[in-house]
Amino acid sequence: MPSGKCSAATCCSPSTAPDARLRRWRSTRGCGPRWRRNSASTRPKLAALYEQILRADPELDAPPLVRDTTEPPFAVTGTAPCTLPYDLADFTGRHEEIQRLVTAPSPTDDRTSPHIVLVDGMGGSGKTALAVHAAHRLADTYPDGQLYVDLRGFTPGEEPLSLATALGVLLRAMGVAGKSVPDDVLSRVALWRVTSAHRRLLLVLDNAIDAAQIRPLLPASPGSLVLITSRVRLPELEGAEGLSLGLLSEEDSVEMVRSNLGADRVTADPDAAARLVQLCGRLPLALRVSAARLRKRPHWTLRHLTERLGDDSRIMGELESGDRSVATALRMSYDAMKPEHRIHFRLLSLYPGVDFAVPVAAALLDTDPHSAERALEYLLDVHLLQELEFGRYSFHDLVHSFARALPAEDAPQRSAAVRRLAARLVTDLERACDALFPGRVRYGCAPPTEAATAPALRPEEAQRWFAQEWRNVVAVVHLADQHGLHRHAAWLSRGVGFHLHAQNHFSDFEHTARLAVDSARKEGDPELLCVSLINQAVAQWQRDLFQEGIASSEEALEIAATLEDRRAEAACLSRLGVLCTSVGRLREAVGYLVRASEAHRALVSAREEAQALANLCFARERLGRLPEAVQAGRRAAVLARDNGDAGIEVTALANLSLAHLGLERLDDAAECLNRARALCEPLRAPALTSLVLCNLAEAELRAGRPDRAHEHGVNALDLARGHGSQARQAAAENVLGRIDSAPRLRLRPGSRLVATPRSIGPRYECPGCHGAQCGRARRSRVPEPR
């Protein structure tokens, strides 16, 4: 080394003493004319250096030279590098998504930035397969290289890939020798930008955890395409085009099973294949795992596997094959969340219904609606929750199964959440019933509710609420009973019973009513049991279980008498009247209904009195006591109209029309039926509409208009068949049978005939004959829930 020059290795060595450094500096002060020429300009710099030397500033130390030996260098200079994984030979579906990716803007377009597409979706939805498949199809469009990096954002047992490592992988793939890759991250970022500039690259960044992991890896070339996959929506990634990946279609799901398993096994049992698709929730990973299990078990049938998957408690264990597991895929998303979000996920998964809105979420999470909405938005972003329509949230079936399989370490917290949920639904249900069934009886056995202080609902709002929530309420009835909330279970069943009865959901009505009776017995509350038995009697009547309904009503009557509850006694008498009418005990039925109507009048219960009188009108008409039937029917219609109960008014008018027809008052009958038909429109009650149309057919036949009678009869039959009402169906078929046998019948081309009226016993056919009324099939008003 020439004299007069100082070496960083000696001058700046940490082992060199400050005195030695100072002597060496002083020896250079007077060296040569260059020093004298530039002394004025260099004095400040030298002074600063002097101070650094005196205090042994660590900045003067040369950093140790470290070479990266963990990643061997490889060079691909002179070729276009391609590090894409292999493409799936049996890639299935995703036609719209593939078309969207392969028709990305051309690299030659006038762009100033790379084209970035973020593919997000739940674990197992096929994000990587889609990105790799699209990349292979686009490879020729990007001749300078097609690169792939797994960022390991959600990889079991591994930490997310560091930025330094990811940049090292990209630089080496682009031909930068290992010894030329800088050690510090900032230098690697700069070198990556220089290397990728002015190149047309296709870059697949798979399994990203957040936007911060992605930004430094974006190439500088505006002619490049970047495909990113993540389980998380990343709206904070500037300039990225989002592509959220949903589930496969039914058709594509079956095709995936066929391509993985073989056409023969799918063709042999297409119903089982469809069931498998349903149980797998159309999730690609679940479908591939199922097919893999069947390939390993050639003697298994599709039906056998669906039976195994049908057990919700073991479905996660069944969807596992080798290193592929649906539970593991979902577990990665769950573990990546903060503890508070995991708690939200577990509590929301308690909800047993189809979907839910923000107020229900707020009740489960014990928070306000705004905070609940933020929690829901987060779970949406990580694809552990779905929003299939605005404001309605739900879990994918497999996600729900995974959540329910998590260890129940927070049992007290979960029980409290179920109690809040049940209380919330009781309040919402009472508000809806207040709007649609305002005259229903109030009881002291109801659980606490905030319905009285909540804003009232309009009838149309209540109808929408029931349309959205009735299935969820039925599910919560079971959940409440399982958690020992027997009073809530019985009361929820009572409230939803009004809607189930009105909309002909007879099976659900009978099932929940039976559960309500069991819950009331467990609760040990006689009044609650009495109310539940009355509702069960109504549901049993709807399901043709007449003797069981009579037994329920008689047990309820005994409890009401013991409690000296006159209101409940009157309700029991009313139900017994209807049930006795159904089995042909008409005189006994009239006695029950007269006592019931008088008791309700004394209790000033106008709605219940109107209902009893409407049924009394029918029983008297069938006995041929027509003037008395008209009297009861008229009073029932007036009471129902004054009370605002359109359903009872329709029944009263329909039964009254029959009494008028028996008295040959055709105009009066037509007036009743026209008003009843107008009331049916907003009610959306098919059973009531079928009743009115059936009576209209009878009236038109009496008036000598068989064509119009036939049209009404066919419409009544269609409604009855579409909503499972056997009684209405029998009534319509009997009317059509009489129309068919009427003289001068001229049917329009294409109209339908029912050749033989169906007779199914005293519930439908008049006992005995009294003139023109012989054989008319009619049914009294169903007793409504209490």
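Visitor: What makes the span of helix α5 close to the expected one?
Guide: In this predicted model, helix α5 covers residues 127-138, twelve residues, and reaches 17 Å from its first C-alpha to its last. The expected span is 1.5 Å times one less than the number of residues, which gives 16 Å for α5, so the two values are close.

Visitor: Which residues of α5 are called buried, and why?
Guide: They are K127, L130, A131, V132, H133, A134, A135 and L138. Each is called buried because its relative accessible area is under 20%.

Visitor: How do you know what those buried residues pack against?
Guide: Contact means heavy atoms within 4.5 Å. By that cut-off, the buried residues of α5 pack against helix α4 (95-102) and against the strands β1 (115-120), β2 (146-150), β3 (202-208), β4 (225-230) and β5 (240-244).

Visitor: Which residues have the most contacts inside the largest nonpolar core?
Guide: F345 and F356 do, in a core of 142 residues. Leaving out residues up to four places away in sequence, F345 touches Y334, M337, L379, L384, F395, V399, F402, A403 and L406.

Visitor: What lies apart from the largest core?
Guide: Another core does, with 47 residues, including A632, A640, C694 and A732. Both sets are called nonpolar cores because their members are buried residues of nonpolar kinds such as Ala, Phe and Cys, joined through side-chain atoms within 4.5 Å.

Visitor: How many of the contacts in the chain join residues far apart in sequence, at least 24 places?
Guide: Among contacts between residues at least 6 apart, 70% do.

Visitor: And what share of the chain is buried?
Guide: Buried residues make up 52% of the 786 residues. The chain has 34 helices and nine strands.

Conventions
Residues are numbered from 1 along each chain as its sequence is written. This is a predicted model: local features need pLDDT of at least 70, side-chain atom pairs count only at pLDDT 80 or more; totals for chains, interfaces and linings use all residues. Side-chain values use heavy atoms; hydrogens and water are left out. Helices (H or I, at least four residues) and strands (E, at least two) are DSSP runs, numbered from the N terminus. Buried means under 20% relative accessible area, exposed over 50%, partly exposed in between (1.4 Å probe, protein chains only).
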